[in-house]
Amino acid sequence: MDNTFNELELPIIQEVTRDLFTDLVLDPSKEFDVSEFLLQNNFQYVSLDDLSKQMKRLKSDINAALVDEVSNSYTEHLSLCDSFSAEDQSLVLSNAQQAQQDISRFQFKLKQLLENDIQTTSETITDTLEYLKSLDSLQLCLQKHTTLHEHFQIARKLCTALEGLSSDISSTSDHLGGELLREAHNHLNSAYEVLQDIQGTKSPLVARFWNEYHSLLNQFHDVISLLAEKCCENSTILPNITQNLLDMTSKS
């Protein structure tokens with residue numbers, strides 16, 4: 001029993017010093033475990049009051065050592081602090097200058113947008129609208145030109161057919177002659193209405209269209225004169241042509 005007691009090793013209890021925290025200083029990412037710290041250093045055998053006194057003494061020693069370190073190297077510490085302060089001020093000043101430049105550029109672009117770009121865009125839109133209106137007007141004018149050309153072509157063919165019919169007219173051709181006469185008259189009237197619509201336009205073809213219209217109108221009048229003579233001679237066998245001539249005379 002005595003031998004066994006003598007062979008037992010008593011736990012070694014260290015004092016709380018800075019060396020015990022070396023691992024934590026070297027590896028800040030390591031989490032400090034209070035229970036593990038106490039067990040590794042056998043502080044479970046130390047009273048809480050003694051352990052608290054040792055911790056306070058360690059804290060006091062560290063503060064004193066820090067003051068001594070700063071006092072002995074005050075110039076170096078002051079220079080170090082100044083360098084960090086200067087860098088911070090330089091960074092802040094640089095950021096402020098950059099922000100001021102960005103604001104100035106933004107104000108310049110905004111002014112340019114208000115004074116130039118918007119005005120230019122407005123003028124472009126106005127010019128585009130005017131151009132589109134002119135295209136619409138041109139398209140309408142072309143449509144009327146096409147319509148006039150069609151009326152002139154049909155009226156000319158009808159007048160030519162009536163001229164041929166008037167040279168050898170009979171009761172069998174009375175119905176056809178009346179239809180041709182009415183259609184020629186309608187196409188000439190339609191052409192006149194279109195000419196009235198484009199009278200105020202700047203189209204260089206208006207004068208030519210009027211000349212062509214008057215030429216066709218003279219041809220139509222010549223045909224009417226021939227048919228009128230035939231109807232006076234043979235009114236009984238040409239009732240349709242006679243009636244159409246009377247209708248046109250009353251309308252004009």
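In this predicted model, F209 is a buried residue, with a relative accessible area of 4%. Its partner F152 counts as buried too, at a relative accessibility of 1%. Both values fall under the 20% cut-off, which means that each of these rings belongs to a residue classed as buried.

A search of the whole structure turns up four aromatic pairs. One of them joins F152 and F209, with 6.3 Å from centre to centre and 50° between the planes, a tilted arrangement. F152 sits in helix α5 (residues 74-167) and F209 in helix α7 (residues 206-233), so this contact ties together parts of the chain that are 57 residues apart in sequence.

Helix α7 also takes part in a second link, this time through tyrosine. Y213 in helix α7 pairs with Y192 in helix α6 (residues 174-197), and the two residues, 21 apart, link distant parts of the chain. The ring centres of Y192 and Y213 lie 5.9 Å apart with their planes at 40°, so this pair is tilted. An angle of 40° is neither under 30 degrees, as stacking would need, nor over 60, as an edge-to-face pair would need.

How buried or exposed are the two tyrosines, Y192 and Y213? Y213 is buried, with a relative accessible area of 7%, whereas Y192 is partly exposed, with a value of 37%. The tyrosines also have company: ring pairs link Y192, W210 and Y213 into a cluster.

Methods:
Residues are numbered from 1 along each chain as its sequence is written. This is a predicted model: local features need pLDDT of at least 70, side-chain atom pairs count only at pLDDT 80 or more; totals for chains, interfaces and linings use all residues. Side-chain values use heavy atoms; hydrogens and water are left out. Rings of Phe, Tyr and Trp (its six-membered ring) pair if their centres lie within 6.5 Å; planes under 30 degrees apart count as stacked, over 60 as edge-to-face and the rest as tilted. Helices (H or I, at least four residues) and strands (E, at least two) are DSSP runs, numbered from the N terminus. Buried means under 20% relative accessible area, exposed over 50%, partly exposed in between (1.4 Å probe, protein chains only).
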